[in-house]
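The dialogue below is a short tutorial on reading a protein model. A learner asks how to read each feature, and a teacher replies.

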Amino acid sequence: MKLNYRRTILVGLAFMSISAFWQMYDSVVPLILSNTFDLNEGLTGAIMAIDNVLALFLLPVFGTLSDKVKTPIGKRTPFIIVGTAFTVIGMFFMPKADNSENLLMFMIMTGMVLLAMSLFRSPAVALMPDVTPRPLRSKGNAIINLTGTVGAIYALVMIKVVVGPGLRPDYTNLFLSMIIFMVVCTVLLAFTVHENKWERIAKETEEAAGISHEEEVNVGKGKGSHLPSDKRKSLIFLLLSVCFWYMAYNAVTTAFSRYATAVWGLEEGGFADCLLTATIAAIVGYIPIGLFANKIGRKKSIIIGVIMLIAGFAYVGLFSSFSWPINLGFVVIGVGWAAINVNSFPMVVEIATDGDVGKYTGFYYTFSMAAQVITPTLSGFLLEVDYRILFPYAAFFSILALITMLNVHHGDVKPLKKKSILENLDVDD
């Protein structure tokens with residue numbers, strides 16, 4: 001049984017376009033809200049949290065709905081096509097609203113885009129497991145995450161290349177480049193991914209290998225709601241850690257473009273260099289982090305990652321103007337974040353071995369999404385006092401994550417040695 005890398009990459013085109021969009025959205029929309037429409041930091045942060053609020057309610061709904069759909073082109077592909085279509089329509093008018101300073105039009109188009117993204121985000125992520133035999137989904141998820149990273153890098157490069165000078169540049173070319181990218185990804189997926197056929201082949205492959213689908217249905221039935229007190233305590237502290245480090249990291253990714261402009265005076269998309277540095281550092285770090293975790297365990301790897309976040313945020317916050325050594329801090333932040341992502345989700349699932357794995361997966365995403373709802377608004381209000389609060393804010397919540405993580409005593413089962421180095425790249429979507 002071998003993973004079909006070509007098929008997996010083609011399936012990953014949807015996640016690639018999603019990752020590219022969110023990188024651009026988180027980087028540019030705060031600048032438009034602040035510089036074009038003169039919204040204060042609190043309102044800007046609240047608007048930037050809307051997508052996470054929608055995600056809390058709509059992602060499970062559309063994911064479940066896509067499970068029940070049957071069409072000649074599959075159950076996920078229609079959601080991807082329709083969602084992308086409405087997304088690019090809204091994106092086309094967003095820079096027009098920006099240039100004409102029409103706040104109502106901008107908010108309507110932004111709302112349309114966020115709803116459309118919610119429509120196909122879960123189906124796009126679910127497509128890979130549908131067409132991949134269960135034993136190969138770890139490798140498949142690694143490929144999907146790498147395609148997502150490619151999308152994020154594309155967005156950062158476009159910000160660097162096509163965004164003009166000044167506090168209010170014309171973002172039309174940037175949005176057009178993203179529209180073209182998303183359309184190309186979706187068209188390629190629609191014409192090359194044979195969802196129904198590949199799903200049937202995946203099931204036949206599992207059956208040929210003696211994997212029972214009845215066993216899969218029954219996995220997790222039992223004592224999930226009656227965890228022993230020590231495991232329940234570890235789960236609570238682990239989920240609090242997830243919430244705290246997402247509050248730290250998301251605050252920086254959401255507000256950094258404004259911080260770099262206000263504190264360091266960077267223009268023309270120059271802030272993208274730092275985020276690009278952190279992203280590349282994370283990619284380079286995945287493989288050694290996965291191998292390192294096999295030797296010392298998940299918890300120690302996460303603790304090291306959180307300490308790296310604290311050090312990186314504290315270091316970057318020391319600079320009052322931009323200079324190249326700042327990128328060293330973003331290297332540390334990127335590697336630290338990779339160490340956390342590689343190991344945290346498996347720890348949550350490991351605690352759930354006595355119960356319902358799907359239920360505990362929901363716990364993980366509930367806490368991570370809730371953090372991303374709270375932190376843009378909370379940090380936004382604090383940034384109204386002083387932009388320099390951003391990195392101390394991130395360091396503070398990273399310290400809280402370290403404290404709670406030290407109280408986690410379950411879920412740290414030593415991983416088996418991977419047969420493929422790609423499995424060490426496996427992180428949550």
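The turns that follow go from the whole chain to helix packing and then to single residues.

Q: What kind of model is this, and how many helices and strands does the protein chain have?
A: This is a predicted model. The secondary structure of the protein chain comes to 16 helices and 0 strands.

Q: What share of the residues in the protein chain is buried, and how much accessible surface does the chain have?
A: Of the 429 residues in the protein chain, 55% are buried. The accessible surface comes to about 18,200 Å², and carbon and sulfur atoms account for 66% of that surface.

Q: Among contacts between residues at least 6 apart in sequence, what percentage join residues at least 24 apart?
A: The figure for the protein chain is 84%.

Q: How are two packed helices described?
A: The description rests on two quantities, the angle between the helix axes and the distance between those axes. Here, helix α2 (residues 13-35) and helix α11 (residues 229-262) offer a case: their axes come within 8 Å and cross at roughly 55°. That angle makes α2 oblique to α11. The crossing in which α2 passes α11 is right-handed.

Q: Which residues of α2 and α11 meet?
A: From α2 come Asp26, Ser27, Pro30, Leu31 and Ser34, and they meet Thr253, Thr254, Ser257, Arg258 and Thr261 of α11. Sorted by class, this contact has 2 nonpolar, 6 polar and 2 charged residues.

Q: At what angle do α11 and α16 pack, and which classes of residue form their contact?
A: The angle between α11 and helix α16 (residues 390-405) is about 165°, and their axes are 8 Å apart. Such an angle makes α11 roughly antiparallel to α16. Here α11 passes α16 in a left-handed crossing. The contact of α11 with α16 has 20 nonpolar, 3 polar and no charged residues.

Q: Is serine 257 buried or exposed, and which residues is it in contact with?
A: A residue counts as buried when its relative accessible area is under 20%. Serine 257, found in helix α11, has 2% relative accessibility and therefore counts as buried. Apart from neighbours within four places in sequence, serine 257 is in contact with Asp26, Ser27, Pro30, Leu31 and Phe271. A further distance concerns cysteine 274, which is 17 residues from serine 257 along the chain; their C-alpha atoms are separated by 10.0 Å.

Q: Where is serine 368 found, and is it buried or exposed?
A: Serine 368 belongs to helix α15 (residues 357-385). Its relative accessibility is 2%, so serine 368 counts as buried. With neighbours within four places in sequence left aside, serine 368 is in contact with Val242 and Tyr246.

Q: What sign does phi have in most residues other than glycine?
A: Most such residues have a negative phi. Against that background, aspartate 38 has a positive phi of about 55° although it is not a glycine. Aspartate 38 sits in the loop between α2 and α3 (41-48), and at 65% relative accessibility it counts as exposed.

Q: What is the phi of glutamate 101, and where does this residue lie?
A: The phi of glutamate 101 is near 55°, a positive value in a residue other than glycine. Glutamate 101 lies in the loop between α5 (77-99) and α6 (103-131). With 48% relative accessibility, glutamate 101 counts as partly exposed.

Technical notes:
Residues are numbered from 1 along each chain as its sequence is written. This is a predicted model: local features need pLDDT of at least 70, side-chain atom pairs count only at pLDDT 80 or more; totals for chains, interfaces and linings use all residues. Side-chain values use heavy atoms; hydrogens and water are left out. Axes are lines fitted to C-alpha atoms, for helices over the stretch in contact, and angles run from 0 to 180 degrees between N-to-C directions. Helices (H or I, at least four residues) and strands (E, at least two) are DSSP runs, numbered from the N terminus. Angles under 35 degrees count as roughly parallel, over 145 as roughly antiparallel, 65 to 115 as roughly perpendicular and the rest as oblique. A crossing is left-handed if the near helix is turned anticlockwise from the far one by less than a right angle, and right-handed if clockwise. Contact means heavy atoms within 4.5 Å. Ala, Val, Leu, Ile, Met, Phe, Trp, Tyr, Cys and Pro count as nonpolar, Asp, Glu, Lys and Arg as charged, and the others, Gly among them, as polar. Buried means under 20% relative accessible area, exposed over 50%, partly exposed in between (1.4 Å probe, protein chains only). Accessible areas come from the Shrake-Rupley method with a 1.4 Å probe; for residues, only the protein chains shown count as cover.
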